[in-house]
Amino acid sequence: MDDTATERSVGARGSFVSAVTRRDTYTPQTLLEVAVEVFNERGYDGTSMEHLSRAAGISKSSIYHHVRGKEELLRRSVSHALDGLFAVLEEPAAREGRAVERLEHVVRRTAEVLMERLPYVTLLLRVRGNTATERWALERRREFDQRVAALLKQAAADGDLRAEVDARLATRLLFGMINSIVEWYRPQRGDSAAAEEVADAVVTMAFAGLRRHGRP
């Protein structure tokens, strides 16, 4: 073998070793990010472990080193979205003060969490209840919506919202508007001002219609 061929051979082996090293250092978080992307692109039911393996650039056995299977990846993904949403309800501004102010805070922060965790919330909104994990996620989503609906009802009882607006309907319309963000919002790297602008617009549009006339 001549020197040029030897260099090519060593170079090829070096690239292979480098690739293996990168694969060996794959983390549960980077695997999760790939899984969410593939689930959103193909749908959970349409995704196989082979699809995940190819997208991640690692073997299926390497994936099983981190998780038991694709449903565990789904649960971790939707849990990340749900944890962010439920954390909003525990923030001081969501627990203290008049109900209408707390509600406004929850609406703003829900929109912000959706944009911060866009791929994960997108996946959460697409689950259909075909697996145990999906049914669990749907139940948690209903719990979140119910807690917001209760807050809206309290704000109406306080006289801060229009009495003629049904609380359940208002909740559905409110979250219909917020959830629609996943269909068109495409964040630019480092463009935090855009996310803030969207959250401001959601709050302005929602509460211009919800608040009782004569109330701030």
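Angles under 35 degrees between helix axes count as roughly parallel. Keep that cut-off handy for the helix pair further down. One caution before you start clicking: this is a predicted model.

**Stop 1: the whole chain**

Show everything as cartoon and colour by secondary structure. You'll get 12 helices and zero strands. Walk along the sequence and the pattern reads α-α-α-α-α-α-α-α-α-α-α-α.

Now switch on a surface. The accessible area of the protein comes to about 12,400 Å², and carbon and sulfur atoms own 50% of that. Colour by burial instead, and 41% of the 216 residues come up as buried.

If you like contact maps, draw one here. Take the contacts with a separation of 6 or more: 71% of them are between residues 24 or more positions apart.

**Stop 2: H7 against H10**

Select residues 99-116, which is helix H7, and residues 167-179, which is helix H10. Hide the rest for a moment. Two packed helices are described by the angle between their axes and the distance between the axes. For this pair, the angle is about 30 degrees and the axes are 10 Å apart. The angle falls under 35 degrees, so H7 and H10 are roughly parallel to each other. As for handedness, the crossing of H7 and H10 is right-handed.

Which residues make the contact? Turn on side chains for Val107, Thr110, Ala111 and Leu114 on the H7 side, then Leu174, Phe175, Ile178 and Asn179 on the H10 side. Sorted by type, the residues of this H7 and H10 contact are six nonpolar, two polar and no charged.

**Stop 3: Leu169, still on H10**

Stay on helix H10 and pick Leu169. Is Leu169 buried, exposed or partly exposed? Its relative accessible area is 47%, so Leu169 counts as partly exposed.

Bring the hidden residues back and add a distance label from the C-alpha of Leu169 to the C-alpha of Ala149. The label should read 9.2 Å, for two residues 20 apart along the chain.

**Stop 4: Thr133 on H9**

Next, select residues 132-157 to light up helix H9, and centre on Thr133. Is Thr133 buried or exposed? With 6% relative accessibility, Thr133 is buried, since the cut-off for that label is under 20%.

What does Thr133 touch, once you leave out residues up to four places away in sequence? Show Glu71, Leu74, Arg75 and Val78 as sticks, and you have the set of residues in contact with Thr133.

Key: Residues numbered from 1 in each chain as written. Predicted model: local features only at pLDDT ≥ 70, side-chain atom pairs only at ≥ 80, totals over all residues. Heavy atoms only, no water. Helix = DSSP H or I, 4+ residues; strand = E, 2+ residues; numbered from the N terminus. Buried < 20%, exposed > 50% of the residue type's maximum accessible area, 1.4 Å probe, protein only. Contact = heavy atoms within 4.5 Å. Areas by Shrake-Rupley, 256 points an atom, 1.4 Å probe, with all protein chains shown as cover. Axes fitted to C-alpha atoms, helices over the stretch in contact; angles between N-to-C directions. Parallel < 35°, antiparallel > 145°, perpendicular 65-115°, else oblique. Left-handed = near helix turned anticlockwise from the far one by under 90°. Nonpolar A, V, L, I, M, F, W, Y, C, P; charged D, E, K, R; others polar.
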